[in-house]
Amino acid sequence: AAEAQLDEGLAQVNEFLGGDPRTDLIGRLGDVWCLYSDPGAMPIPIGFSPVAAVSVKDKAGLVAGVAKLMELLKREANNPNFSVRQSNREGREYFSFNFTGMPFVPTIMISDKWLVVSLTPGSAQSLAQRESGKIPGWTPPDSVVQALREVPQQFSSISLDDPAPTWQQLLQFAPMGINLLE
């Protein structure tokens, strides 16, 4: 009985979405998933700008699936203050969500290699610039390289955290903070 209910629920989701998200979206993604912070891409660097990046197996199919999902989202939102803008820059597809009065513009960017979800278009564009070599990507310091030698070479998940950039950014804004407190 529970299995039949699950099958019925999945069939309703597929009907609502106009397809199966397991094949239309998830099946087009790769097996590398990254979460990181890109505070430099914020209009006012506040030290927090989460970014999710997932490797892509099928860009064309993924773009079509996301575009279909965006149309559904616009239709279901049925709000004149909400819009989704789709654009293409240098072979990368961007979907930006705008809700009047919201301080962020969540953005999805799809390139040949990555699907990026960020709070701002700037964070997605930063990854695009890293892909094209216009700005440097992250290079692990020697201490991280050494630590990685000590972990098994095959794993399902690994997490690295470097708080130094956040502290450096906080120190940059310390004088302004002190002036505000005065």
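1. Two strands are taken as paired if DSSP finds at least two bridges between them. In this predicted model, strand 3 and strand 4 pair in the antiparallel sense, over eight bridges. R89 has R92 in strand 4 as its bridge partner. The two strands make a hairpin with two residues between them, and E90 in the turn has a positive phi of about 50°.

2. The hairpin belongs to an open sheet of six strands, whose order is 1-2-6-5-4-3 and whose pairing is antiparallel. Strand 1 (29–37) and strand 3 are the edge strands, each pairing on one side only. Neighbouring strands of the sheet are turned by 15° against each other on average, direction ignored.

3. Further pairings can be given residue by residue. Strand 4 and strand 5 run antiparallel and are joined by four bridges; the partner of F95 in strand 5 is I108. Strand 2 and strand 6 (residues 114–118) pair antiparallel over five bridges, and V51 has S118 of strand 6 as its bridge partner. Helix 3 packs on this sheet, where it touches strand 1, strand 2, strand 3, strand 4, strand 5 and strand 6. The direction of helix 3 makes about 15° with that of strand 4.

4. Strand 4 is largely enclosed by the rest of the structure, because six of its eight residues are buried. The cut-off behind that statement is a relative accessible area under 20%.

5. The largest nonpolar core has 16 residues, and those touching the most other members are L62, V66, M70, F95, I108, I110 and L115. At least two residues of this core come from each of strand 2 (50–56), helix 3 (59–77), strand 3 (82–89), strand 4 (92–99) and strand 5 (107–110). Helix 3 gives the most, with five residues. In soluble globular proteins, nonpolar side chains tend to be buried together.

6. L115 deserves its own entry. Leaving aside neighbours within four places in sequence, L115 is in contact with L29, A52, A53, V54, V56, L62, I108, M109 and I110. A separate second core of eight residues includes A53, Y94, A124 and A128.

7. On the aromatic side, the count comes to two ring pairs. In one of them, F82 and F99 have ring centres 6.4 Å apart and planes at 55°, so the pair is tilted. This pair links distant parts of the chain, with F82 in strand 3 and F99 in strand 4, 17 residues apart. F82, at 19% relative accessibility, counts as buried, whereas F99, at 36%, counts as partly exposed. F82, F97 and F99 form one aromatic cluster.

8. Y94, already listed in the second core, also takes part in a charge–ring arrangement. The charged end of R89 sits over the Y94 ring, 4.5 Å from its centre. R89 is also the residue whose bridge partner is R92.

9. Where does V105 lie? V105 is placed in the loop between strand 4 and strand 5. V105 has a relative accessible area of 29% and is therefore partly exposed. Not counting residues up to four places away in sequence, V105 touches S96, F97, S118, L119, T120 and P121. One of these, F97, is in the aromatic cluster with F82 and F99; another, S118, is the bridge partner of V51. V105 and S83 are 22 residues apart in sequence and 10 Å apart in space, C-alpha to C-alpha.

Notes:
Residues are numbered from 1 along each chain as its sequence is written. This is a predicted model: local features need pLDDT of at least 70, side-chain atom pairs count only at pLDDT 80 or more; totals for chains, interfaces and linings use all residues. Side-chain values use heavy atoms; hydrogens and water are left out. A nonpolar core is a set of buried Ala, Val, Leu, Ile, Met, Phe, Trp, Tyr and Cys residues joined through side-chain atoms within 4.5 Å. Buried means under 20% relative accessible area, exposed over 50%, partly exposed in between (1.4 Å probe, protein chains only). Contact means heavy atoms within 4.5 Å. Rings of Phe, Tyr and Trp (its six-membered ring) pair if their centres lie within 6.5 Å; planes under 30 degrees apart count as stacked, over 60 as edge-to-face and the rest as tilted. A charge sits over a ring if NZ of Lys or CZ of Arg is within 6 Å of the ring centre and within 35 degrees of the ring normal. Axes are lines fitted to C-alpha atoms, for helices over the stretch in contact, and angles run from 0 to 180 degrees between N-to-C directions.
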